Amino acid sequence: MGLRKIRFVVERDLRMFVQYKFMLIMRGIWFVSQVALFGLVVGKMVEAAAKAAGINYFQYYVAGVTIITLYSTSMFIGYDIFEEAEHGVFEYLLTLPVSRRELVLGRSIGGGLRSFVYLGPLLIVVLSLLGVSNPLHLLIALAGLFLFAFGVSGMSITIAVAMKSGDKYDILIGVLDALIVRLSTTMYPTVYLQQAVPSYATISQFNPLTYASDLFRWGTGIEGTFEVSPIVGVLALFIFFFSFTFIGVVFYEKRLEGGSWQ
Amino acid sequence: MKAILHVIEYDFRNFFRYRWFIIGLIAMNLADLFISAVVFTQMTRGIVDYFRFFAPGLAVLGLFASAFMIGREINMEVRREIHHYLLSLPMSRTELAIGRLLGGGFRGMLYMTPLLLTNFVLLGLPTLPQLLLILLALFLLAIGISGVSISIAVSTTSFEKFVTARGVVYYLFFFCSSVFYPMAIIQTLEARGLTPLVRFAQINPLTNGSDLIRSFLLGSPSFSPLMLLDVAVFSVIFACCATFAYTKILMRH
């Protein structure tokens, strides 16, 4: 496997990302409104409960919104694939002297990396709001988030190539988005998920967003958020990354040929 | 009148072409109610019964998102120059504009109906006059939202600019309203120097629309005719803006 070729694929995906400038602006507006309006007001509303759980809800929520942003920008790669299929660029990519494996690996890494590039400025704002108590913890958390972003890109590619239909992809991503974000600890601590509906808490334990957001909170030193060891968090994100990159490669290789994109 | 009905029918038929989008929207709304609201109910115990509080807000949220969809279609028509065909139809520009505006509003009402019925199941039934007032307020709100959406859609031929403007309007109207949280809590933002946002939240038609439903189904806040007036003023202003923008700007493209 040629690293140079993978680098070319990654570079191409990074360049492609710029074409979403308005989408990115919109995500930025969403982020600001979530933090400056929703976070502040809901923080007031749940003040007592947050104190009982030993957390500062505003900080808790800001960290969660950061992970939701990372998740949604990593998912963009799937839309790129449909755009390419629609405009016939897919066939062009297949003619390039790059193996299928290099192509999907490059795309998965590119998809994750570009969401990190986008998140960079937001992360600076977030870290200035949250502060950093232990730089080593933060570095470990960021490494975990890299795995998470690559894994989400791999998942997006897997779903896109499995569906081969823009409409079906759109609906599945919409439903997945609605469930995966809400059934995680991005917006509320596990203890309240458990109190509300115990099965929600159980599902959230298998949700990569839970591990990513809890790990990020641990990395920034937000109190009382990580219920399992951070090592377990990193491990869970590694398994997520590995599974979807591997499944992505297999699916991509098997379903690339033959067109049938809708 | 017949021409307007044809345009409304055209928009209704188009609405069902976006079934995937609608399914996604329904999933998101239900997840908001049966997951997020249920969890927040645990976190706001003793302050507000969040599930009951949020249910009317959700109906207004659904109404907003579905009534706004007409703008996406009109912007697409402008970009693909389908509006030339529409302008060539044997009807006046004003009839066409009014038909589009009403079509957008009715689509919002159609989508919102199951959500409103869910409210009645969960929170209880209003009296007949209350029901009529709720439907009137929501219809006016849907027309106003459809008007905002059409005004933005015909003002730009760029889909990206439309999407960005839509994002700004969405988030401002959603988060700066009492859809998600009680007005009393929004007012605490004044202490942080965010008075303009608090003022906007007070006059936001989404605030008044959802509070009007709450006043009848939950008994709090108490009903005020100003709620209906606020929604009516919003509706009239943006219905006029949209009619003007659609008839004038569209011919310029």
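This is a short chat about a predicted model, its chain contact and some of its helices.

Trainee: What kind of model is this, and how is it numbered?
Mentor: It is predicted: local features need pLDDT of at least 70, side-chain atom pairs count only at pLDDT 80 or more, and totals for chains, interfaces and linings use all residues. Residues are numbered from 1 along each chain as its sequence is written, while chains are lettered from A and ligands numbered from 1 in the order in which they are written.

Trainee: How many residues does each chain put into the contact?
Mentor: Chain A gives 34 residues and chain B gives 31 residues. Contact means C-beta atoms, placed from the backbone, within 7 Å.

Trainee: Which helix gives the largest share on the chain B side?
Mentor: α2(B), with 13 residues. Helices are DSSP runs (H or I, at least four residues), numbered from the N terminus.

Trainee: New topic. At what angle do α3 and α6 of chain B pack?
Mentor: About 30 degrees, with their axes 8 Å apart. Axes are lines fitted to C-alpha atoms over the stretch in contact, and angles run from 0 to 180 degrees between N-to-C directions. α3(B) and α6(B) are therefore roughly parallel, a term for angles under 35 degrees.

Trainee: Which residues of α3(B) meet α6(B)?
Mentor: Among them are L63(B), F64(B) and A67(B).

Trainee: And α8 in chain A, how many residues?
Mentor: Helix α8 of chain A, residues 135-163, has 29 residues. Its span is 42 Å from first C-alpha to last, close to the 42 Å expected. The expected span is 1.5 Å times one less than the number of residues.

Trainee: What comes just after α8(A)?
Mentor: K164(A), with a positive phi of about 55 degrees.

How values were computed:
Two residues are in contact if their C-beta atoms, placed from the backbone, lie within 7 Å. Helices (H or I, at least four residues) and strands (E, at least two) are DSSP runs, numbered from the N terminus. Angles under 35 degrees count as roughly parallel, over 145 as roughly antiparallel, 65 to 115 as roughly perpendicular and the rest as oblique.
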